[in-house]
Amino acid sequence: MLSYRQDFPILSRQVYGRPLVYLDNAATTQKPRCVVDAITDEYYSVNANVHRGVHYLSQQATERHEAARETVRRFINARSTSEVVFTRGTTESLNLVASSFGEAFLHDGDEVILTVMEHHSDIVPWQLLQQRRAIVLRVVPMTDDGALDLEAYERLFTPRTRLVCCAHVSNVLGTVNPIRRMARIAHDHGALFLADGAQSVPHMTVDVQDLDCDFLTFSGHKVYGPTGIGVLYGREDLLERMPPYQGGGEMISRVTFEHTTYERLPYKFEAGTPDYVGSHALAVALDYVSAIGMDRIAAHERRLTAYAMERMAAIPGMQLYGTQPDKDAVVAFNIEGIHPLDLGTLLDRLGIAIRTGHHCAQPLMARCGVEGMARASFALYNTTDEIDALVAAIERCRRMF
Ligand code: PMP
């Protein structure tokens with residue numbers, strides 16, 4: 001994977017006079033030149049508002065935007081482009097489902113199952129919905145090594161369970177949750193299943209039909225694409241029955257002051273001018289990783305993760321969180337006697353970018369009995385040399401305390 005580093009101009013820059021070691025990929029990935037070029041090209045040579053224009057540029061921009069939808073469909077193996085809704089990102093996708101699915105399908109007393117390792121963006125929208133609907137949230141617990149307790153999961157189902165929402169991969173523990181199996185259990189109980197793919201789509205092949213999930217969410221910026229664009233995949237028959245999330249242009253068929261009818265899918269959920277520059281650049285990013293091969297990327301990142309876990313476990317005073325053997329691309333940790341914020345700040349001075357804090361997963365922090373953690377996370381361009389640099393830097397910080 002070393003040869004791909006040259007596609008990412010930012011990786012050759014220095015910080016504080018040192019080579020950048022970028023290990024904050026779970027927060028956002030760096031962008032290959034082709035993605036940045038796609039944004040420039042769109043603005044320099046195609047830019048026009050999509051869908052409504054009769055003129056040449058508008059038609060070309062529309063073609064690109066819709067071609068991007070097809071690229072996303074293929075990438076996640078959705079059945080139809082009607083099932084691919086462009087959003088601002090995972091957070092908006094989850095809010096859309098909570099608001100719109102909640103409106104159509106959830107009644108007072110209905111239950112939604114979440115897990116203790118959910119990102120705040122898969123918790124708070126459901127709490128917001130609770131202000132409108134008296135739904136009950138149930139939470140799947142986990143074991144100390146960071147696996148969901150599947151027996152406890154099965155016991156959470158009641159005749160009122162309507163939906164399960166679960167991170168495919170935890171952004172803190174790196175645990176790859178057994179989505180296919182969990183979706184089957186949900187379906188056996190008559191419930192639907194949403195997989196938050198924010199941390200899986202960038203790292204492995206994610207096939208919505210194979211996983212048999214009813215909804216999937218992800219963000220463009222975590223899969224080498226631009227910020228501000230993301231995707232909601234939803235089964236067509238469900239999206240058909242869900243009301244619009246926002247109102248405005250693009251999402252209507254006909255408007256009078258008395259009565260408005262809505263556009264067909266997926267436009268019903270895409271009010272306003274869409275991010276057609278972002279969708280095009282996202283498609284270029286997905287084509288880029290597809291050309292490398294998601295399975296190759298996954299194998300490389302799993303190797304890096306296993307290497308990092310082994311090397312870091314050997315550091316005295318090291319506490320690693322999430323020790324599932326096949327975990328993915330994320331290593332969260334604390335060093336005895338060093339506050340994670342201090343560690344992050346010291347590593348930064350050595351050119352190493354990691355993230356520290358609660359990682360938008362405060363219930364998980366509480367479960368682990370800590371306020372925060374340090375987190376290194378990997379992408380296709382990271383190397384074992386960079387992990388060696390991280391380990392050496394941590395050792396150096398330890399000696400300072
Ligand atoms: N879910 C998970 C598992 C995540 O890791 C993230 C981003 N950290 C999100 C949701 C939210 O993604 P975004 O901020 O791109 O909307």
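This passage walks through a predicted model, starting with its main sheet and moving on to the ligand and a few backbone spots worth a look.

The sheet comes first. It is open and built from seven strands, lined up in the order 4-10-9-8-7-5-6, with mixed pairing. Strand 4 (84-87) and strand 6 (136-140) sit at the edges, each with a pairing partner on one side only. On average, neighbouring strands here are turned by 20° against each other, ignoring direction. As a reminder, strands of a sheet pair through backbone hydrogen bonds, in either a parallel or an antiparallel way.

Starting from the strand 4 edge, strand 4 pairs with strand 10 (residues 230-234) in the antiparallel sense, over four bridges. One handy landmark is Thr-87, whose bridge partner in strand 10 is Gly-230. Helix 2 (residues 56-76) packs on the sheet and touches strand 4, strand 9 (215-219) and strand 10. The direction of helix 2 makes about 115° with that of strand 4.

Next along is strand 9, which is a good one to pick out on screen. Strand 9 runs antiparallel to strand 10, and five bridges join the two. Within that pairing, Phe-218 has Val-231 of strand 10 as its bridge partner. Strand 9 also pairs with strand 8 (residues 192-196), this time in parallel and through three bridges. Here Leu-194 is matched with Phe-215 of strand 9. As for cover, five of the five residues in strand 9 are buried. That goes for both faces: Phe-215, Thr-217 and Ser-219 are buried on one side, and Leu-216 and Phe-218 are buried on the other.

Just past strand 4, Gly-89 lies in the loop that leads to helix 3 (90-105). Gly-89 has a relative accessible area of 6%, so it counts as buried. Setting aside its neighbours within four places in sequence, Gly-89 is in contact with Phe-218, Ser-219, Ile-229 and Gly-230. Two of these names have already come up as bridge partners: Phe-218 with Val-231, and Gly-230 with Thr-87. Thr-40, on the other hand, is 49 residues from Gly-89 along the chain, and the C-alpha atoms of the two are separated by 21 Å.

Now for the ligand. The residues around the ligand are Thr-90, Thr-91, His-119, Ser-121, Asn-171, Asp-196, Ala-198, Gln-199, Ser-219, His-221 and Lys-222. Three of the polar pairs can be spelled out. In the side chain of Asp-196, an N or O atom is 2.5 Å from a nitrogen atom of the ligand. Ser-219 has a polar side-chain atom 2.7 Å from an oxygen atom of the ligand. For His-221, a polar side-chain atom likewise lies 2.7 Å from a ligand oxygen atom. On its own the ligand has 400 Å² of accessible area, and the protein covers 85% of that. Ser-219 therefore turns up in several parts of this account: it is one of the buried residues of strand 9, it is in contact with Gly-89, and it has a polar side-chain atom 2.7 Å from the ligand.Away from the sheet, Asp-24 is found in the loop between strand 3 (21-22) and helix 1 (33-46). Asp-24 counts as buried because its relative accessibility is 7%, and buried means under 20%. Apart from neighbours within four places in sequence, the contacts of Asp-24 are Ala-353, Ile-354, Arg-355, Arg-375 and Ser-377.

A few backbone details round things off. Leu-265 and Pro-266 are joined by a cis peptide bond, with omega at about -5°. Pro-266 belongs to the loop between strand 12 (260-262) and helix 9 (276-292). Asp-212 is not a glycine, yet its phi is positive, near 55°. Asp-212 sits in the loop between helix 7 (208-211) and strand 9, and at 39% relative accessibility it counts as partly exposed. Ala-329, also not a glycine, has a positive phi of about 55°. Ala-329 is located in the loop between strand 13 (318-321) and strand 14 (330-335). With a relative accessible area of 1%, Ala-329 is buried.

Notes. Residues numbered from 1 in each chain as written. Predicted model: local features only at pLDDT ≥ 70, side-chain atom pairs only at ≥ 80, totals over all residues. Heavy atoms only, no water. Pairing = 2+ DSSP bridges. Axes fitted to C-alpha atoms, helices over the stretch in contact; angles between N-to-C directions. Contact = heavy atoms within 4.5 Å. Near = heavy atom within 4 Å. Polar contact = N/O pair within 3.5 Å; in protein donor to acceptor, adjacent residues only side chain to side chain. Areas by Shrake-Rupley, 256 points an atom, 1.4 Å probe, with all protein chains shown as cover. Buried < 20%, exposed > 50% of the residue type's maximum accessible area, 1.4 Å probe, protein only.
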